[in-house]
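Visitor: I am new to this structure and would love a tour. Could you show it to me and explain how you reach each conclusion?

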Amino acid sequence: MTLRIRLSWPAGHTTATLDETPTSTALLGALPIVSTARTWGEEVYFDTPVSVPREPGARQVVEPGTVAFWTDGDALALPYGPTPISRGEECRLASPCNLLGSLDADPRILATVRDGDPIRVERA
């Protein structure tokens, strides 16, 4: 089953395709979500009403455009480049995150998200 979400903010929007995981199922059940975007280096993250445990395949270093769920903060994490703790050009998240899927388009679109922007997530 293909699960798709749409993320939108004042300067743009994108879609993502999610794998069917316990976390993505919980996220879809909470949609739509409106939150406040935060930036951390080249990562956008924001609070969600979802709280889930870390899954066995959780990872800290991921590819740009990965849709991840930061269980330590109940937040979606969307890296598109290095963060303050990255080594070189890698995308290193604050701690291991559940992997949900990936953005459908160039992840650099996330560079248009500003800290404090409203961000909306809904089914695509």
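Guide: Gladly! Let me begin with a word on annotations: UniProt feature names are shortened here, and an annotation may be inferred rather than shown by experiment. Please also keep in mind that this is a predicted model.

Visitor: What does UniProt place at residues 4–122?

Guide: The unreviewed UniProt entry places the feature "domain: Cyclophilin TM1367-like" there. Over residues 4–122 the chain is 47% strand and 8% helix, and the C-alpha atoms at the two ends are 9 Å apart.

Visitor: Why is strand 7 called largely enclosed by the rest of the structure?

Guide: A residue counts as buried when its relative accessible area is under 20%. Strand 7 covers residues 66–70, and four of its five residues are buried, so the rest of the structure largely encloses this strand.

Visitor: How do you know that strand 7 and strand 9 pair?

Guide: Pairing requires at least two bridges between two strands. Strand 7 and strand 9 (residues 91–103) have four, in the antiparallel sense, so they qualify. As one example, Phe-69 has Asn-98 of strand 9 as its bridge partner.

Visitor: And what joins strand 7 to strand 8?

Guide: Three bridges do, and the two strands run antiparallel. Strand 8 spans residues 75–79, and its Ala-75 is the bridge partner of Trp-70. Strand 7 and strand 8 form a hairpin with four residues between them, and Asp-74 in the turn has a positive phi of about 50 degrees.

Visitor: Why do Cys-91 and Cys-97 not form a bond with each other?

Guide: A disulfide needs two cysteine sulfur atoms within 2.5 Å. The sulfur of Cys-91 has its closest cysteine sulfur in Cys-97, 12 Å away, so the two are too far apart for a bond. A search of the whole structure finds zero disulfides.

Visitor: Are these cysteines buried or exposed?

Guide: Let us set each value against the cut-off of under 20%. Cys-91 has a relative accessible area of 2%, so it is buried. Cys-97 is at 0%, so it counts as buried too.

Visitor: What makes you say that the buried residues of helix 1 line one face?

Guide: In helix 1 (residues 22–30), the buried residues are Thr-23, Ser-24, Leu-27 and Leu-28. Looking down the helix axis, these buried residues fall within an arc of 135 degrees, so they line one face of helix 1. On the other side of helix 1, Pro-22 and Gly-29 are exposed.

Note on methods: Residues are numbered from 1 along each chain as its sequence is written. This is a predicted model: local features need pLDDT of at least 70, side-chain atom pairs count only at pLDDT 80 or more; totals for chains, interfaces and linings use all residues. Side-chain values use heavy atoms; hydrogens and water are left out. Buried means under 20% relative accessible area, exposed over 50%, partly exposed in between (1.4 Å probe, protein chains only). The arc is that of the directions from the helix axis to the C-beta atoms.
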